[in-house]
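Trainee: I would like a close look at one part of this model. Please take me through the contact between the two chains, and then set it in its surroundings.

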Amino acid sequence: MHEPIHRIAAEHIRAGQVATGVGASVKHDSAIKHVRGEALYTDDLPEPRDLLHIYIAQSTQAHAKIISLNLDAVKAFPGVVAVIQASDVPGKNDYGAVTEGDPIFADGRVEYVGQSLFAVAAEHIDIARKAAALAKIDYEPLPALINVRDALAANSFVLPSKTFRRGEPEAHLAQAEHRLQGEIEIGGQDHFYLESNIALALPGEDGDLKIFSSTQHPTEIQHCCARVLGVPDNAINVEVRRMGGGFGGKESQPALFASIAALVTHHTGRPSKLRLDRDDDMTITGKRHDYVIRYDVGFDGQGQIKAIAFESASRCGMSADLSGSINDRTMFHLDNAYYLEHVSIISHRCKTHTVSNTAFRGFGGPQGMVAIERVIDEIAYQIGKDPLAVRKINYYGAADDPAGRNVTPYAMTVTDNILPEITAELEAAADYATRRAQITQFNRENTYLKKGLALTPVKFGIAFTATHLNQAGALMHIYSDGSIHLNHGGTEMGQGLFTKVAQIVAEEFQVEIDRIKITATTTDKVPNTSPTAASSGCDLNGQAARNAALILKGRLAEFAAQHYTVDAAAVRFTADGVQVGAQQIAFNTLIQQAYFARISLSTTGFYRTPKIHFNAETGKGHPFFYFAYGAAVSEVTVDTFTGEYKVDRVDIVHDCGASINPAIDTGQVEGGFIQGMGWLTTEELVYDDRGALRTHAPSTYKIPACGDRPRVFNIHLRCDPNRENSVYRSKAVGEPPLMLGISVFNALNDAVASLADYRRHPHIDAPATPERVLMACEKLRAQKNPPEHVHA
Amino acid sequence: MNTVRFLLGQELIELESVSPTLTVLTYLREEKKKIGTKEGCAEGDCGACTVVIAEVVDDCLHYRAVNACIVFLATLDGKQLLTVEDIKTTRNELHPVQQSMVDSHASQCGFCTPGFVMSGFAEYQNRLHKLDDLPESQSDEAVTTQLTQVFAGNLCRCTGYGPIIEAGKTWLIQAEQTTPQEITEAEATIIARLKAIHPQTSKTLTQAGQTYIQPDSIFALTEALAAAPGATLLAGGTDIGLWVTKQHKALDTVIYLGCIAALKRIEVRGGLLEIGAAVTYSEALPVLIQHFPTLEEYLYRHRSTQIRNAGTLVGNIANGSPIGDMPPVLIALNAQITLTSQRGQRPLALEDYFIAYGKQDRQPGEFIESVHIPLNPPGSFGVYKISKRFEQDISSVSAAFYVELDDQRRVQTARLCFGGMAATPKRAALCEQALLNQPWNEATVQAAAALLGQDFMPLSDFRASREYRLTVAMNLLKKFFIQQQNPRQATQISYTGGLIHA
């Protein structure tokens, strides 16, 4: 069975095949509209008559009882049409996606600064905002837990703690030749999608609503609006053509805004729009979880890990939201690429009085990987080896590893470990050994500037860990003129999903992609969809669309066989038309003939991921369909006067299976890397003692800018086919590359470690802001030259 | 005539009544339903709303990319506003900037894309007419640096910028290889139309109790300011814009300085470089770098093209911010300002302008007419900006050092000024004192640096802690010393990524 797979990988576009099928670097379907400013986002849709604009009044307290909420002056303000609060919710006042605990409007108590109190709908947003400020609110402040350590000390959790365990970690830690303990703080991250959250609600007949929402999860918006209004799901239709970025921030969060717009429209009978400005978006919506992770590791003289114990705690914020699955994924990725024989992983899900943290590209995985990569570096410095050597001897073994070093802490066997090959390829491409020597030399010769180098691997599990979400649907019509209408449950947030799925359909029918109309995701075409998340968009929806195409192809082949009296097996779809026995029929002709013969030219398609299961009780199973791999080498220069730094060069080898679209996949790798780098370097979420976020706009929250991109940036896609039977043997590529950015973080630590001759780890927490880098420099310098020995 | 007139693309817009705080972005999206221009942050930091303003300079069109979210509509008087909807070629083809972005896969979600397109468009158009002097052939490195400057004010969260830079290399080459163009017929028409609406007189417009005053001379300005001493003086609006979009302030009376020719002056006179109140950073930058090459890194680092195209040097002084980047530099260079009112002119040492946080020595009816910088100072001069991100970031600390030695290598003059260390831009008095008349050596510098802890009690905030600010301040003085002592030692990283040898 290997032969045909290789054919697809090696000969993406073979002679005689359509040019825009699988494997072609087709342009993003909206590229021309993007550059012309003609791609419509929700705020760009023509505004309906009588549109109301909504402003959300927010809590100024992290934790307080609301003694009174007097909205008289708000309601009386000229231009205000409706003021809506908890008591105006006819259904359930909650938008929690998995469990309850996320009120639409605070009801008697607030639990974070920025929490929604009430909404004002007015003729103009300025009126709504001004009116909202007139509310008279009396709070009775309650003690607030702001960070992870506060919450841990108070045993404050949103969900029970969980443990994975294998072997006898305590005993083996005690016996280990070497042992070290430590702790790392890993900061959160704002999504900073360029398009902030928005919802537009339109009234229909019988109280039905049409909702336009910038969401990765239209079905969740539908459920939530229905629940809030107390109407059945079929009264709500949700549509999204595209988002201006999502990154996980539009998985559960948009439900709040869509629900409020639905409520306003429900109460007023008028269309309504709720668009957050940047500051409100950053204040009201959840972010990547920040963590404190403690580790205790035992290892031998070569640096091979014999036993390890992790205790992980994350700031979930005021509610559970998706924190259960996110923290599970941290547990699933605290091994990253390494075999951990005797292991215990404890995970605490801390409740704090801050915004409820949520999904973000990587979904808890990246934080786990940062922690184990820190452990590896610490081991290396302790035994005086290059961290890369320690990485390699700890890698998972091959599928047939004689020592059985290929089973994860959650009992899934790693059968497709290609990291040794990727690492070797990258070491050669990046000239690792030579550059390591050059950098050591540079650091010896330079007192003030120091260089660092790090190679870090990525092994990322692909599938929703909530098994039921691993399903997808599609809807496909072929019109009698031969044009194809394609719809599926996935959403487009810039990742090129719509393009890739259309390429799959083009490949199946052997027609060019411009014949296929890509259409907005709506809940009335494909129901009960999963969020476009977990990197699964193409794996799931591509398969569902392919399934639909295969069904229609089957009908057409059967019809053609009858019509032309040939065997159905002799009907083939080719780039030159449909081959029916010896005859070649134009695709359009066959479609017309099929129509006249009363063949159904419309179908749904469906897919469910095979093989996956997980037992949450035992912490064992096969939660992932497969793993995606990659590795990066980053080189940095640090100014040890100021802590400022630049990333000089990055080399990446990333595994994307048999790529459906190498240009789009490369874009995901490059963008993901930069976003991961930003998370671990300049993006700092600062909460003050009152629990208010102080960095809530780009003037204070610094995502990477154009100049932060490394000047030398080599990306190599590794396009060997997926060993699992994924769609066209491709691999998911949305999240995994984010974690390549960890190499920058480790390289920064490496540069600073040179100040102590690599004997001591500088313990820079994430994000490694210039401040943290400088303070680590100062600490190492002071340890090396205790003050009494300073020569002035 | 009290009418604001501008071209929106090809359409002449005439407004007899306009709110002085209506932003171009709100106007475009809400009133004109031109939705190609996006709002990403409403504070001039993300560039999603980038539009281009065309003006006649030396009988040629000059294009400036600006952030529509913080440019007030009334200030477009006499100019052409171009948005992404306007840049189609005559045959409705894509502009080269657009085409190369499509070809390079340079958009993903596409929300930031129109802003990038417009930043590129302004650069492309200016290059067509060779308004900038360019070397014939340039290294890939140099081209990347130029593109980094062009796009420093445009954030993209999806692509990681690589394909945008690649596209840029294509369109830059295309612009370079296009033979220097004669002004086309279409451009000649625009030039004529812009000349016809060029504001000739002072204007006053009102709407709903708000007043916009656009004086045409310093005299008219002093009169207007005397009549309304509480009025807000507006130049580039890169700070005042945020009062409106972020603090939602209603400004009653706004006086715009941008139509006064006398305030647009950059002149060298009597050993002084004189920069008027309406001179933007982009206009001042080449002259500043010519006279003070050390400033190049500093100036490119702390702003974006869009902000440099709007913001003014004098505005950075006038608003009195403790973290403004120019005051420490100018104080170290011993600059003076001229305050002007109906009562006449009042010269003032710049350092005396800053009294306390939010309090400056500006009397009612006064405005800062210009800043004067002594040229060719004999001593050593160094400037440093420290921020989380290299580009477009407000400093946690900025420092400017000027030191003169006598022939015994003893310190004769020391002007060490810091931003971000106190409630105002402030000189380090004790530290300077410790340097004076001392030999310029490591021991002196160490001892002087140690006194910075007495000179300053910086705040801890979301940009930096007090401890970091103090440590960096001390280290910067040491760095300055080392750079003077041993220029071959690599001591600094360039914003372009290379190493700097002092």
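Mentor: The contact between the chains comes first, then the domains, the core and one buried residue.

This is a predicted model. The contact draws 68 residues from chain B and 69 residues from chain A. On chain B, several elements each supply at least two residues of the side that touches chain A. They are H2, H3, helix H4 (140-151), H5, helix H16 (442-450), helix H18 (466-485) and strand S21 (490-493). H18(B) provides the largest share of that side, seven residues. By residue class, the side of chain B that touches chain A has 33 nonpolar, 25 polar and ten charged residues.

Now take one of these elements, helix H2 of chain B, which spans residues 96-103. Its buried residues are Pro96(B), Val97(B), Gln98(B), Ser100(B) and Met101(B). What covers them? The cover includes helix H2 (31-36) of chain A. From chain B, the cover includes helix H3 (113-128) and helix H5 (162-177). After H2(B) comes His105(B), with a positive phi near 55 degrees.

Next, the domains of chain B. The assignment gives domain 1 (1-198), domain 2 (272-374) and domain 3 (397-501). The residue range of H2(B) is 96-103, and domain 1 of chain B runs over 1-198. The C-alpha centres of domain 1 and domain 2 of chain B are 27 Å apart. Their contact takes 13 residues from domain 1 of chain B and seven residues from domain 2 of chain B. Strand S4 (60-67) and H4 of chain B each supply at least two residues of the domain 1 side. S4(B) has the largest share of that side, four residues. The domain 1 side that touches domain 2 of chain B divides into five nonpolar, seven polar and one charged. H4(B) is also among the elements that supply at least two residues of the side facing chain A.

Turn to the partner, chain A. It has 20 helices and 29 strands. Its C-alpha atoms fill a box of roughly 95 × 75 × 50 Å along the principal axes. A compact globule of 792 residues would have a radius of gyration near 28 Å, so the 28 Å of chain A agrees with that rule. Buried residues account for 61% of the 792 residues in chain A. Of the contacts in chain A with a separation of 6 or more, 80% join residues 24 or more positions apart.

Chain A is divided into domain 1 (2-39 + 471-608), domain 2 (49-142 + 191-284) and domain 3 (418-469 + 624-792). The C-alpha centres of domain 1 and domain 3 of chain A lie 38 Å apart. Between these two, 26 residues of domain 1 are in contact with 25 residues of domain 3. Helix H1 (2-10), helix H15 (497-509) and helix H16 (537-563) of chain A each supply at least two residues of the domain 1 side. H16(A) gives the most to that side, with six residues. The side of domain 1 of chain A that touches domain 3 of chain A has nine nonpolar, 14 polar and three charged residues.

One caution applies here. The mean pLDDT of chain A is 96, and 97% of its residues reach 70 or more. Over residues 1-12 of chain A, however, the pLDDT is below 50. In the model this stretch has 14 contacts beyond near neighbours in sequence.

Now the core. The largest nonpolar core has 398 residues. Val120(A), Ile211(A), Ala261(A) and Leu748(A) touch the most other members. H16(A) gives the most to this core, with ten residues. Leu748(A), leaving out residues up to four places away in sequence, touches Gly452(A), Val636(A), Val638(A), Tyr645(A), Ile764(A), Ala768(A) and Val773(A). In soluble globular proteins, nonpolar side chains tend to be buried together.

Finally, a charged residue. Is Arg288(A) buried or exposed? Arg288(A) has 30 C-beta neighbours inside 10 Å, so it counts as buried. Arg288(A) sits in the loop between helix H9 (278-284) and strand S13 (291-299) of chain A. Beyond its neighbours within four places in sequence, Arg288(A) is in contact with Gly188(A), Gln189(A), Asn357(A) and Phe360(A). Arg315(A) is 27 residues from Arg288(A) in sequence, and their C-alpha atoms are 9.2 Å apart.

Conventions. Residues are numbered from 1 along each chain as its sequence is written. Chains are lettered from A and ligands numbered from 1 in the order in which they are written. The radius of gyration is taken over C-alpha atoms; the globule rule is 2.2 Å times the number of residues to the power 0.38. A residue is buried if 20 or more other C-beta atoms lie within 10 Å of its own, exposed if 12 or fewer, and partly exposed in between; C-beta atoms are placed from the backbone. Ala, Val, Leu, Ile, Met, Phe, Trp, Tyr, Cys and Pro count as nonpolar, Asp, Glu, Lys and Arg as charged, and the others, Gly among them, as polar. Domain bounds come from an automatic or database domain assignment. A nonpolar core is a set of buried Ala, Val, Leu, Ile, Met, Phe, Trp, Tyr and Cys residues joined through C-beta atoms within 7 Å. pLDDT is the predictor's confidence in each residue, from 0 to 100.
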